[in-house]
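This note is intended for a colleague who is meeting the structure for the first time. The points below are numbered so that each may be checked against the model in turn.

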Amino acid sequence: MPNITQPTAPCHIPAGVAEEVLLGVDTHKDVHAAAVVTVLGAALDGRSFPATTEDYRQLVSWARSFGVMRRAGVECTGSYGAALTRHLRAEGIEVTEVNQPDKAARRRHGKTDAVDAEAAARAVLSGRATASAKTSDGPVEMLRLFKLAKGSAIKSRTQAINQLKSVLVSADATLRESLAGLTNPLLFKRCAELEALDTLGPAAAAHHTLRLLARRIQHLTEEINDLNMRITEAVKVRTPGLLEVNGVGPDSAAVLLIAAGDNPERVDSEASFAALCGTSPVEASSGKTQRRRLNRGGDRQANAALYRIVLSRLRWDARTQDYLRRRLAEGKTRREIIRCLKRYVAREIYRLIITPGAAATSGAAA
């Protein structure tokens with residue numbers, strides 16, 4: 001493999017010396033750039049490897065030729081580096097997720113794949129990168145794929161419904177009146193049963209278009225129902241008690257499990273999980289004013305799932321409603337109260353995710 005660093009001779013460690021080394025990888029769609037550094041920070045070598053199974057094995061063998069390799073820093077572990085991450089973990093190597101290099105440092109020192117790969121290794125060495133990579137090899141990865149497919153199916157179905165109703169607005173009066181006043185399911189059924197007209201013209205085109213759109217809507221509805229069933233089953237397999245929590249449905253449960261990953265132990269505390277979901281309090285005090293504000297960071301999909309759970313409890317759960325009234329009497333705003341409730345729900349969900357067999361506790365938000 002060609003060397004992508006400056007033309008310097010690689011510094012292999014003598015056979016009798018078992019020095020520890022770190023691997024850094026800058027991942028791309030077709031080629032990964034790799035660099036090896038010592039625990040003292042000395043760069044040993046850098047090369048590029050195609051993103052194939054055989055080349056993953058060659059990459060690991062090449063890196064281990066410099067010494068004992070127990071840790072690796074990999075960029076984009078959830079996308080371009082997902083397959084490599086699984087291979088490294090199968091080899092017993094601890095993989096740390098590395099964010100892209102600081103933009104200010106990149107402007108000062110420039111950017112190449114070799115520089116980024118070496119920076120990934122140094123990020124692990126310095127402790128700047130500490131997050132363990134998601135394994136993406138269990139029920140949560142199934143949930144992520146099902147949610148991806150369901151999201152696109154819902155978007156396509158919504159578009160098809162809007163188009164069908166748009167066609168009806170300008171359709172022939174006789175056809176429009178025959179379909180007026182029907183509920184959506186019945187409207188789609190009637191449109192799917194429309195017969196093609198032998199004549200040419202706008203009326204025949206409207207019949208044909210309505211039939212195609214209605215059948216597309218029915219097909220997408222079947223896909224969505226199938227995915228709903230699969231998502232529910234996958235949630236029950238991963239965390240049996242999660243769907244028993246007040247206000248938690250299959251979609252919200254799936255989003256929260258995806259945020260934690262197949263290896264939720266990498267989130268070492270419920271405070272870390274709250275920060276991951278963007279519900280950890282952020283200090284916003286100044287002078288005599290002591291307050292905390294909403295956290296606008298973290299996984300926004302997980303944050304939205306917690307928000308939906310809180311809204312459900314505020315509507316249906318008596319103890320959560322009592323909590324709302326009590327906090328309003330103390331002078332808190334509704335936004336601040338919802339932030340507190342999301343934090344409590346995150347704590348409850350975290351305990352279930354870390355201990356899947358634990359019984360769901362109800363009313364913890366209250």
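1. Leucine 314 counts as buried, because its relative accessibility is 11% and the limit for that class is under 20%. The residue belongs to helix H11. Setting aside residues up to four places away in sequence, leucine 314 touches Thr320, Gln321, Leu324, Arg334, Ile338 and Leu341. Threonine 38 is a distant partner for comparison: 276 residues separate it from leucine 314 along the chain, and the two C-alpha atoms are 55 Å apart. Please note that the model is a predicted one, and every value in this note should be read accordingly.

2. Helix H11, which covers residues 300–316, also holds glutamine 301. Is glutamine 301 buried or exposed? Glutamine 301 is exposed, because its relative accessible area is 55% and the class begins over 50%. Its C-alpha atom lies 8.0 Å from that of cysteine 277, a residue 24 positions away along the chain.

3. As to the overall form, the protein has a radius of gyration of 27 Å, whereas a compact globule of 366 residues would have one near 21 Å. Along the principal axes, the C-alpha trace spans about 90 × 65 × 45 Å. The secondary structure consists of 13 helices and seven strands.

4. Some totals describe the chain as a whole. Of the 366 residues, 40% count as buried. The accessible surface comes to about 19500 Å², and carbon and sulfur atoms supply 53% of that area. Among contacts with a separation of 6 or more, 62% are between residues 24 or more positions apart. The protein carries 53 positive and 39 negative charges, and the mean positions of the two sets are 8 Å apart.

5. Histidine 32 sits in strand E2, residues 31–38. The residue is buried, since its relative accessible area is 0% and anything under 20% falls in that class. Beyond its neighbours within four places in sequence, histidine 32 is in contact with ten listed residues, including Val25, Arg47, Phe49, Tyr56, Tyr80 and Leu84. What does the side chain of histidine 32 reach at 3.2 Å? The partner is the backbone nitrogen of histidine 28.

6. Histidine 28 appears again in connection with aspartate 113, as the side chains of these two residues are joined by a polar contact of 3.1 Å. Aspartate 113 lies in helix H4, which comprises residues 113–126. With a relative accessible area of 32%, aspartate 113 is partly exposed. The C-alpha atoms of aspartate 113 and alanine 33 are separated by 5.9 Å, although the residues are 80 positions apart along the chain.

7. Glutamate 118 is likewise placed in helix H4. Its relative accessibility of 25% makes it partly exposed, because this class runs between 20% and 50%. Apart from residues up to four places away in sequence, glutamate 118 touches Ala35, Val37 and Ala43. Its C-alpha atom is 7.8 Å from that of glycine 46, with their positions 72 residues apart along the chain.

8. Threonine 85 is located in helix H2, residues 82–90. At 1% relative accessibility, the residue counts as buried. Its contacts, leaving aside neighbours within four places in sequence, are Val74, Thr77, Val95, Ala133 and Lys134.

9. Two residues call for a check of backbone geometry. Cysteine 76 is not a glycine, yet its phi is positive at about 55 degrees; this residue occupies the loop between strand E4 (68–75) and H2. Serine 136 also has a positive phi of about 55 degrees without being a glycine, and its place is the loop between H4 and helix H5 (139–169). Which of the exposure classes applies to each loop residue? Cysteine 76 is partly exposed, with a relative accessible area of 28%, while serine 136 is buried, with a value of 17%.

Notes: Residues are numbered from 1 along each chain as its sequence is written. This is a predicted model: local features need pLDDT of at least 70, side-chain atom pairs count only at pLDDT 80 or more; totals for chains, interfaces and linings use all residues. Side-chain values use heavy atoms; hydrogens and water are left out. Helices (H or I, at least four residues) and strands (E, at least two) are DSSP runs, numbered from the N terminus. Buried means under 20% relative accessible area, exposed over 50%, partly exposed in between (1.4 Å probe, protein chains only). Contact means heavy atoms within 4.5 Å. The radius of gyration is taken over C-alpha atoms; the globule rule is 2.2 Å times the number of residues to the power 0.38. Accessible areas come from the Shrake-Rupley method with a 1.4 Å probe; for residues, only the protein chains shown count as cover. Lys and Arg count as positive and Asp and Glu as negative; His and the chain ends are not counted. The place of a charge is taken as NZ of Lys, CZ of Arg, CG of Asp or CD of Glu. A polar contact is a pair of N or O atoms within 3.5 Å; within protein, one must be able to donate a hydrogen and the other to accept it, and residues adjacent in sequence count only if both atoms are side-chain atoms.
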